[in-house]
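Colleague: I have a new model open and I'm not sure how to read it. Could you walk me through a few features?

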Amino acid sequence: MTALAISGTGLYTPPHSISNDELVTAFNTYVRNTNAANADAIAAGTKTALVESSAEFVVKASGIKARYVVDKDGVLDPDVMCPRIPERPNDQLSILAEMAVTAARDALKAADRKPQDVDGVLVGASNMQRAYPAMAIEVQDALGIDGFGFDMNVACSSATFALQAAADMVANGHARAILVCNPEICSGHLNFRDRDSHFIFGDVATAFLVERADTARGANSWKIVATRLKTKFSNNIRNNFGFLNRTAPEGVGKPDKLFVQEGRKVFKEVVPMVSELIVTHLADSGIAAAQLKRLWLHQANIGMNDLIARRVLGRDPLPGEAPNILDEYANTSSAGSVIAFHKFSDDLKFGDIGLLCSFGAGYSAGSVILQKL
Ligand code: COA
């Protein structure tokens, strides 16, 4: 089997950051305004009063302290509570493709590669810009890559599933190198009026290049030692937005057309699923947990990551061993583990082994064992 590598990574961080305090202030203003407008119905018992959120709860329950967004004003306006992103004409690059292209340029530079060295683009993300044409083809065109591109959606696991697809295609000789991009405008699918989840997500884009290990020349190149994917159907993270919505007008604009989750159930069911996936993947690959120098885990909840790291390592992770970017970025869906890898991998040395892992809606999980070249 041809050895494959991640030969460079890239990151695009939107310019606006929202702190928990700012987000909670906007949410609580919305709650007070709504309760005041419904005061009579609430007093008559025909409506339930909305309850305020708290910045302390958000940090304690999730580890999230802030998030980047493409539009701050709309999210923080209690009368809007949604990013405002103007439509662009068809002859302009779409916003998700633009974010992907910025991260992709960064990844190509890190890999010491030009667009002419790349044969394919995969955009793996939780939400697509539109039904078609594929974002990947738009990114391919913007970068001047002669080859092919397609989009794939496996929610939070889109990056690891795209990595496996890219690695398989390069290994089989279908492409010399494939660029994987993960642009995520999670603020677009987040219900900022929902107390249980209004704090969860942020926006970002990541990218990485997959090519043969023997051609990888990026200064921070990593051999893909083994990959393993897993899915198991669950309704506990769900979004019913889709092209058939207009055929059932009674449901248009309802909360189920945005991100909805049963957070407690997700926590309880995904931690064992992911821990077992990683433990068996390592065992089947002949790698002991003690050999792992770093865990780049999906970034959804600090408590989940601590538990998974403990189950995999058999002890508490040391500081920096399972890096956390949740405090600054929040949950960025498919991009989270790639951000952790991008920011916290180049200090490791030749031969060091690390594990990148995604998990989320589906349920879906992807485990990737990497070794520094
Ligand atoms: N502010 C203040 N209190 C809040 C609150 C908020 N914004 N949201 C919920 N609470 C309260 C609840 O009312 C509840 O109060 P009660 O105990 O008096 O009933 C309490 O906090 C606990 O609520 P719960 O929803 O059980 O919180 P939690 O500890 O499970 O944390 C999540 C919520 C969402 C952070 C957590 O479940 C989680 O991260 N789960 C995994 C999610 C995940 O990874 N999803 C993947 C997405 S891709």
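Modeller: Let's take disulfides, and keep in mind that this is a predicted model. A disulfide is a covalent bond between the sulfur atoms of two cysteines. With the sulfur atoms required to be within 2.5 Å, the count here comes to 0 disulfides.

Colleague: How far is the nearest cysteine sulfur from cysteine 186?

Modeller: The nearest one belongs to cysteine 156, and it is 7.2 Å away, so with a cut-off of 2.5 Å cysteine 186 is in no disulfide. Cysteine 357 is in no disulfide either: its nearest cysteine sulfur, again that of cysteine 156, is 12 Å away.

Colleague: And are cysteine 186 and cysteine 357 buried or exposed?

Modeller: For that, look at relative accessible area: buried means under 20%, and exposed means over 50%. Cysteine 186 has 0%, so it is buried. Cysteine 357 is buried too, because its value is 0%.

Colleague: What would a residue in between look like? Take aspartate 306.

Modeller: Aspartate 306 sits in helix H9, residues 302–313. Its relative accessibility is 31%, so it counts as partly exposed. If you want a sense of distance, go from its C-alpha to that of glycine 10: they are 26 Å apart in space and 296 residues apart in sequence.

Colleague: Can I read burial for a whole helix? How many residues of helix H11 are buried?

Modeller: Sure, you just count along the helix. H11 covers residues 336–343, and 6 of its 8 residues are buried, so that helix is mostly covered. The buried ones are Gly336, Ser337, Val338, Ile339, Ala340 and Phe341.

Colleague: Which residues does threonine 9 touch, if I skip those up to four places away in sequence?

Modeller: Skipping those neighbours shows you what the fold brings together. Threonine 9 lies in strand E1, residues 4–12, and touches Asp106, Ala107, Ala110, Ala207, Phe208, Phe341 and His342. With histidine 342 there is also a polar contact of 2.8 Å between the two side chains. Threonine 9 is buried, since its relative accessible area is 11%.

Colleague: What about a residue in a loop, say proline 115?

Modeller: You read a loop residue in the same way. Proline 115 is in the loop between helix H5 (95–110) and strand E4 (120–124). At 19% relative accessible area it is buried, because the cut-off is under 20%. Leaving aside neighbours within four places in sequence, proline 115 contacts Leu108, Leu143, Gly144 and Ile145. Its C-alpha is 8.8 Å from that of glutamine 140, which is 25 residues away along the chain.

Colleague: Now the ligand. How many residues surround it, and which are the closest?

Modeller: Start with the shell, then look at single atoms. The shell has 16 residues, with Ser53, Arg195, Gln261, Arg264 and Asn301 the closest. By class, 7 are nonpolar, 6 polar and 3 charged. Helix H3 (55–62) and helix H8 (263–284) each supply at least two of them, and the largest share, 3 residues, comes from H8.

Colleague: And which atoms should I look at?

Modeller: Try the ligand's nitrogen atoms. A polar side-chain atom of serine 53 lies 2.9 Å from a ligand nitrogen, and a side-chain N or O atom of glutamine 261 is 2.8 Å from one. For glycine 263, a backbone N or O atom lies 3.1 Å from a ligand nitrogen. As for cover, the ligand taken alone exposes 970 Å², and the protein buries 72% of that.

Notes: Residues numbered from 1 in each chain as written. Predicted model: local features only at pLDDT ≥ 70, side-chain atom pairs only at ≥ 80, totals over all residues. Heavy atoms only, no water. Helix = DSSP H or I, 4+ residues; strand = E, 2+ residues; numbered from the N terminus. Buried < 20%, exposed > 50% of the residue type's maximum accessible area, 1.4 Å probe, protein only. Contact = heavy atoms within 4.5 Å. Near = heavy atom within 4 Å. Polar contact = N/O pair within 3.5 Å; in protein donor to acceptor, adjacent residues only side chain to side chain. Areas by Shrake-Rupley, 256 points an atom, 1.4 Å probe, with all protein chains shown as cover. Nonpolar A, V, L, I, M, F, W, Y, C, P; charged D, E, K, R; others polar.
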